[in-house]
Amino acid sequence: MDLWFSENHTENVKFSLRVEQQLFSAESEYQRIDVFDSMEFGRVLVLDGDIMLTERDEFVYDEMITHVPMAVHPNPKNILVIGVGDGGVVKELTRYDSVESIDLVEMDPMVVEVCKKYLPNNACQLDNPRVHIHYENGLKFLRRHESEYDIIIIDSPDPFGPSEGLFTKEFYGSCYKALKDDGIMVNQQGSPFYREDAVAMQRSHRRIASTFPIARTYQAHIPSYAAGYWLFGFASKKYHPINSFDGAKWRSLGLKTKYYTTKLHIGCFYLPAFLEEMLLSVE
């Protein structure tokens with residue numbers, strides 16, 4: 001039998017993977033969760049029909065959303081991660097000896113359990129003593145915290161359905177309050193290529209830029225995501241992502257990476273003309 005999984009990028013575009021077998025499928029209280037074993041991308045986590053990660057290219061996303069803010073902040077100790085509880089971002093964060101505490105907020109306990117079983121390489125640090133998992137809504141969690149975190153990482157699905165609340169002006173305002181005076185927030189901002197995704201990205205950037213004094217966008221290439229072209233938002237109360245960046249200090253840590261480098265750190269903030277225009281039009 002020839003099995004394929006297809007994700008709709010638009011009404012006219014699909015991304016398809018040949019699948020060896022479906023390892024897991026269930027409806028949780030919040031969403032449908034599927035895990036496939038694919039021929040080209042290894043195991044694939046899918047939520048409500050959208051690819052969250054694949055074993056083949058998850059390192060790009062996890063490294064870029066983690067190491068960029070960690071390399072800018074001079075002394076990050078307390079980190080908050082909100083979003084998909086697969087554990088990939090947490091795994092990268094636990095590589096830093098300076099980090100004392102990581103709060104992971106995931107709305108769906110089933111996602112964590114599924115990832116521990118079927119994606120153990122991602123979830124391998126979820127039981128680390130520095131990691132504290134909270135099963136609740138991200139916005140409600142933030143409302144109880146003020147001036148507490150050095151870095152907040154929003155590792156969320158796309159801004160549709162249950163995750164839409166993680167892209168509102170109220171949410172970004174709550175992140176601002178939960179950060180210390182020199183705090184940094186990083187979020188995934190989707191792809192600028194297809195129209196619906198581009199509009200959502202512009203809306204998110206406008207809200208962040210109106211909340212934080214420093215707001216920049218950076219890019220990465222992730223083959224299994226829409227158009228293979230993905231954006232992240234960098235927002236800070238104090239630190240500029242390039243001017244405050246000390247590449248030599250980060251390299252001295254000796255962390256081995258597959259995608260992130262200190263040269264790429266600078267380069268990823270230099271955007272193509274069409275994207276610069278899209279961002280400037282909403283600032």
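Here is a short, friendly note on the structure above.

1. Before you start: this is a predicted model, in which local features need pLDDT of at least 70, side-chain atom pairs count only at pLDDT 80 or more, and totals for chains, interfaces and linings use all residues. Residues are numbered from 1 along each chain as its sequence is written, and side-chain values use heavy atoms, with hydrogens and water left out.

2. Start with the inside. The largest nonpolar core (buried Ala, Val, Leu, Ile, Met, Phe, Trp, Tyr and Cys residues joined through side-chain atoms within 4.5 Å) has 54 residues, and Leu45, Met64 and Phe232 are among those with the most contacts inside it. Helix α1, residues 58-72, supplies the largest share, 9 residues. (Helices are DSSP runs of H or I, at least four residues; strands are runs of E, at least two; both are numbered from the N terminus.) A second, separate core of 20 residues includes Phe167 and Met185.

3. Next, look at a salt bridge (a side-chain nitrogen of Lys or Arg within 4 Å of a carboxyl oxygen of Asp or Glu). The count comes to 9. One of them joins Arg18 and Asp2 at 2.4 Å, N to O. Arg18 lies in strand β2 and Asp2 in the segment before β1, so the pair ties together parts that are 16 residues apart in sequence.

4. Is Asp34, the partner of Arg32 in another salt bridge, buried or exposed? Asp34 is buried, at 4% relative accessibility, while Arg32 is partly exposed at 37%. (Buried means under 20% relative accessible area, exposed over 50%, partly exposed in between, with a 1.4 Å probe and protein chains only.)

5. Finally, Asp48 has a positive phi near 50° without being glycine. Asp48 sits in the loop between β4 and β5.
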